[in-house]
Amino acid sequence: MHIHDLIGIGFGPSNIALAVAFEEKGGKNTPQDVLFIERQRGFAWHPDMMLDDTHMQISFLKDLVTPRNPKSHYTFLNYLHAKNRLQDFINLQTFFPSRHEFNDYLGWVASHFEDRCVYGEGVVEVHPEVRGGDVKLLRVCSEDENGNRHERLTRSLVVSVGGAPNIPPCFAGLSSDRRVFHSSHFLTELAGQNDPRRIAVVGAGQSAAEVFLDLHNRAGTEVDLITRTWAFKPSDDSPFVNEIFNPEYTDHVFNNSTGQREALLQEYKSTNYSAPDLDLIQKIYDIFYQQKVTGEQRHLFRRRHEVTQAQSTEDGIRLDIRNLDDGATDTATYDAVVLATGYRRDMHRTLLDPLMTYLGGFSVDRYYRLQTPENFEPAIFLQGCCEPTHGLSDTLLSILASRTDEIRDALERQEAAEAGAPVTMAANRRVATL
Ligand SMILES: Cc1cc2nc3c(=O)[nH]c(=O)nc-3n(C[C@H](O)[C@H](O)[C@H](O)COP(=O)(O)OP(=O)(O)OC[C@H]3O[C@@H](n4cnc5c(N)ncnc54)[C@H](O)[C@@H]3O)c2cc1C
């Protein structure tokens with residue numbers, strides 16, 4: 001069977017940026033035979049949250065490559081130039097393009113690497129390929145949408161599969177009821193509903209705010225916004241705080257003790273979690289204010305409330321909702337419930353489960369490489385699931401340009417070492433457990 005130098009699981013922004021890094025900075029030790037495997041039929045960036053009037057939450061200058069190589073062919077600016085929109089974009093006077101446009105930019109970059117990507121196959125597991133007592137290779141098993149299984153061998157692996165919907169336990173039993181769905185499936189699932197009128201949106205973050213506004217703009221909907229918090233608090237994107245997304249801050253986080261890392265994550269959580277953009281908060285506030293002016297209560301803000309139970313009934317989804325201040329409970333029935341409840345970052349553990357005996361406690365080094373025993377030769381890198389060890393930027397776009405360069409560099413060092421060439425070892429030999 002053919003052996004690839006490297007397989008990348010997923011072809012979202014993280015692995016697209018890696019493809020760019022290989023192309024631009026590849027030397028003789030760069031993996032040559034690289035294949036990315038992507039579950040979706042073609043490139044799409046969070047397609048079910050591609051809502052009208054949504055914008056990027058970081059500057060376009062933090063695209064896939066500019067912070068590393070502003071002269072690159074793959075910058076957002078060059079994309080605009082190629083699309084003949086640079087002058088018009090300048091006239092917008094913004095750093096924050098629409099999500100539609102950024103998706104188009106990412107798709108434009110991805111289109112340069114079509115020959116290195118198989119679309120429409122989801123990787124289901126990765127097995128060790130043992131030869132003479134040593135793990136020499138990895139066997140990457142995937143399934144296409146017709147249920148056909150595919151197997152490929154690789155010498156190295158980069159897992160960049162993004163997040164999986166976080167479903168609160170009280171909704172876990174309703175997975176087969178299409179009237180309850182996560183924001184990551186919002187547009188598709190909403191289109192499949194039978195004219196829902198009463199809708200609950202659970203959550204207090206950017207997605208909850210966007211979904212609420214989207215539903216508000218659809219005629220005939222009545223939306224209850226259910227949040228544990230009292231207030232929507234805006235994401236903090238002030239300049240000093242924003243420095244935590246600078247690449248060098250990753251060193252600072254990684255080199256701290258576990259306890260200090262946790263403290264840092266807590267301290268700056270409000271940059272990314274349960275923190276919508278201020279302009280969305282103002283729009284939502286205005287909607288509720290106008291209800292007071294007209295006296296027509298279309299939507300309800302159930303703040304400091306928590307869903308304790310959810311039941312599927314003929315009339316709809318019945319929620320038991322507890323007031324967190326006085327403990328009083330209430331019941332309400334909805335035609336649909338949108339769970340804007342965030343993402344889990346543990347899919348790599350499921351995919352790598354057959355390797356578990358070699359991976360121990362899932363520790364990574366500064367260069368995102370999983371620690372494995374000596375008799376395990378393949379290198380495995382993780383992108384997007386190292387927030388506990390590498391900080392809050394890990395799930396975002398901010399550090400893609402530098403992170404992928406670090407992974408490229410680490411892979412090249414590994415190749416050089418295998419070829420017996422003298423190599424400068426990575427300066428940072430610490431490891432940290434995820
Ligand atoms: C609605 C939304 C808006 C966002 N906006 C911003 C923003 O403005 N700025 C910012 O910095 N961050 C933003 N983020 C955070 C987001 O995580 C990053 O923008 C970015 O998508 C991370 O890229 P990624 O490639 O690591 O993960 P993803 O974009 O999630 O890509 C992972 C890819 O892997 C594929 N995949 C998953 N499992 C498998 C499998 N088993 N086999 C094969 N393929 C698989 C998926 O289909 C997907 O294409 C946003 C997130 C969401 C949900």
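This passage describes the overall build of the protein and then turns to a handful of individual residues.

The structure is a predicted model. Its secondary structure comprises 14 helices and 21 strands. Along the principal axes, the C-alpha atoms occupy a box of roughly 75 × 50 × 45 Å. The radius of gyration is 23 Å, which agrees with the value near 22 Å that would go with a compact globule of 434 residues. Of the 434 residues, 50% are buried. Among contacts with a separation of 6 or more, 72% are made by residues 24 or more positions apart.

The surface and the charges can be taken together. The accessible surface of the protein amounts to about 20700 Å², and carbon and sulfur atoms contribute 48% of this area. The side chains include 44 positive and 61 negative ones, and the centres of these two sets are 2 Å apart.

At the next level, the protein is divided into two parts. Domain 1 is made up of residues 3-163 together with 345-433, while domain 2 is made up of residues 167-235 together with 273-339. Between the C-alpha centres of domain 1 and domain 2 there is a distance of 34 Å. Domain 1 brings 12 residues to the contact, and domain 2 brings 14 residues.

Two residues other than glycine may catch the eye of a reader who checks backbone angles. Asp53 has a positive phi, near 65 degrees, and Tyr368 likewise has a positive phi, near 70 degrees. Each is found in a loop: Asp53 is in the one between strand E3 (34-38) and helix H2 (76-82), and Tyr368 is in the one between strand E19 (363-365) and strand E20 (379-382). Their surroundings can be set side by side. Asp53 has a relative accessible area of 55%, above the 50% cut-off, and is therefore exposed. Tyr368, at 1% relative accessibility, falls under the 20% cut-off and so counts as buried.

A similar pairing can be made for two helical residues. Leu265 sits in helix H9, which spans residues 258-267, and Lys292 sits in helix H10, which spans residues 278-294. With a relative accessible area of 16%, Leu265 is buried, whereas Lys292 is exposed at 67% relative accessibility.

Which residues does Leu265 contact, leaving aside its neighbours within four places in sequence? The partners are Glu387, Pro388, Gly391 and Leu392. Leu265 can also be placed relative to Val253, which is 12 residues away along the chain: the C-alpha atoms of the two are 9.0 Å apart. For Lys292, a distance to Arg403 is available; these residues are 111 positions apart along the chain, and 49 Å separates their C-alpha atoms.

Taken together, the predicted model shows a protein divided into domain 1 and domain 2, with a radius of gyration that agrees with that of a compact globule. Among the residues described here, Tyr368 is buried in its setting and Leu265 is buried as well, while Asp53 is exposed and Lys292 is also exposed.

Definitions and conventions: Residues are numbered from 1 along each chain as its sequence is written. This is a predicted model: local features need pLDDT of at least 70, side-chain atom pairs count only at pLDDT 80 or more; totals for chains, interfaces and linings use all residues. Side-chain values use heavy atoms; hydrogens and water are left out. Helices (H or I, at least four residues) and strands (E, at least two) are DSSP runs, numbered from the N terminus. The radius of gyration is taken over C-alpha atoms; the globule rule is 2.2 Å times the number of residues to the power 0.38. Buried means under 20% relative accessible area, exposed over 50%, partly exposed in between (1.4 Å probe, protein chains only). Contact means heavy atoms within 4.5 Å. Accessible areas come from the Shrake-Rupley method with a 1.4 Å probe; for residues, only the protein chains shown count as cover. Lys and Arg count as positive and Asp and Glu as negative; His and the chain ends are not counted. The place of a charge is taken as NZ of Lys, CZ of Arg, CG of Asp or CD of Glu. Domain bounds come from an automatic or database domain assignment.
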